[in-house]
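Dear colleague,

Please find below the structure that I am handing over to you. My findings follow directly after it.

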Amino acid sequence: MLNFEVLDIKKCNREIIRTEVDFVEDVIIVGSGPAGLTAGIYTVMSGYKTSILEGPEPGGQLTTTTEVYNYPGFKNGINGRELMLNMKEQAINLGVTTYFETVRSIKKRGDIFCLYTDNYIYKSKSIVIAAGSIPKKLDTLKNLDLFWNRGISVCAICDGHLFKGKTVAVIGGGNTAISEAIYLSKLAEKVYVIVRKNYMKAIDMLQKSIKTLSNVNILYNCEAREVEYL
């Protein structure tokens, strides 16, 4: 018998009806990236009934990456989406159940965790949070979506090889941006660092390191507004 919960969402003037599942898992994993799928493989192999709630992007950020060269076992690299599909198939073959659901909240009911999605309430004795992260996008950058993963990247280590011998730009002056720029300087012919303020926020060690690089040009008081294909 399924139970129902009705939540009145006044601000959007509608009701959300969630169906409570009639089973309790040993483990529910939130997130289906490499960490979530690996956790699922280990828990199900240890004899625990395991489900994975995949989230809005099944497979995580690797599914948006073209070729992955830093994952062991593939001497010529592997497509990110293909790698994650292989991981998912492996987990399912071992007994993991996956659901295309996004967790909105988690509540404790006695010794049971209740995970609320848009449509259901899942229940589990224990949970693993492997929700990953979402790269921050510059919403003010025109044509961002057009060139996302087609020249615009958020991971220098993942995609830096694609820009070998080319001119690249890194937006930001914090630790992450400067670290990425230093890494790219070893691959790219020229690196421009676009810093919105008149100073960098990166730690002193990184600032000293990047200023010694002859192929890096730091542009202060600049803001990227549009991306075009030349």
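Cysteine 114 has a relative accessibility of 1%, under the 20% limit, and therefore counts as buried. Cysteine 222, at 29% relative accessibility, counts as partly exposed. The structure holds zero disulfides. Please bear in mind that this is a predicted model.

The domain assignment of the chain gives two stretches: domain 1 (19-129) and domain 2 (144-219). Their C-alpha centres lie 33 Å apart.

Regarding the pockets, the largest has a volume of about 1,800 Å³. Its lining comprises 45 residues, and those nearest its centre are Leu138, Ser153, Ala169, Val170 and Ile171. Two or more lining residues come from each of helix H3 (144-147), strand S10 (167-171) and helix H5 (175-184). By class, this lining has 25 nonpolar, nine polar and 11 charged residues.

The second largest pocket has a volume of about 810 Å³. Of its 35 lining residues, Glu57, Gly60, Gln61, Ser133 and Ile134 are the closest to its centre. Helix H1 (34-45) and helix H4 (156-159) each supply at least two residues of this lining, and the largest share, three residues, comes from H1. The lining of the second largest pocket divides into 17 nonpolar, 14 polar and four charged residues. Where does this pocket lie with respect to domain 1 and domain 2? Both domains give residues to its lining, so the second largest pocket lies between them.

As for aromatic contacts, the structure holds three aromatic pairs. One of them joins tyrosine 71 and phenylalanine 74 in a tilted arrangement, at 6.2 Å centre to centre and with 35° between the planes. Tyrosine 71 counts as partly exposed at 35% relative accessibility, and phenylalanine 74 likewise counts as partly exposed, at 32%.

Another pair is formed by tyrosine 99 and tyrosine 122: the ring centres are 5.1 Å apart and the planes stand at 50°, so this pair is tilted. The pair links distant parts of the chain, with tyrosine 99 in strand S6 (residues 97-99) and tyrosine 122 in strand S9 (residues 120-129), 23 residues apart. Tyrosine 99 counts as partly exposed at 23% relative accessibility, whereas tyrosine 122 is buried, with a relative accessible area of 4%. Tyr99 and Tyr122 form one aromatic cluster together with Tyr120.

With kind regards

Terms used. Residues are numbered from 1 along each chain as its sequence is written. This is a predicted model: local features need pLDDT of at least 70, side-chain atom pairs count only at pLDDT 80 or more; totals for chains, interfaces and linings use all residues. Side-chain values use heavy atoms; hydrogens and water are left out. On a 1 Å grid over the protein atoms alone, a cavity is a set of points where a 1.4 Å probe fits but cannot get out, and a pocket is an open set with protein on both sides within 12 Å along at least five of seven lines; lining residues have an atom within 4 Å of a point. Grid points are joined across faces, edges and corners, and a volume is the space filled by probe spheres set on the points. Helices (H or I, at least four residues) and strands (E, at least two) are DSSP runs, numbered from the N terminus. Ala, Val, Leu, Ile, Met, Phe, Trp, Tyr, Cys and Pro count as nonpolar, Asp, Glu, Lys and Arg as charged, and the others, Gly among them, as polar. Domain bounds come from an automatic or database domain assignment. A disulfide is a pair of cysteine sulfur atoms within 2.5 Å. Buried means under 20% relative accessible area, exposed over 50%, partly exposed in between (1.4 Å probe, protein chains only). Rings of Phe, Tyr and Trp (its six-membered ring) pair if their centres lie within 6.5 Å; planes under 30 degrees apart count as stacked, over 60 as edge-to-face and the rest as tilted.
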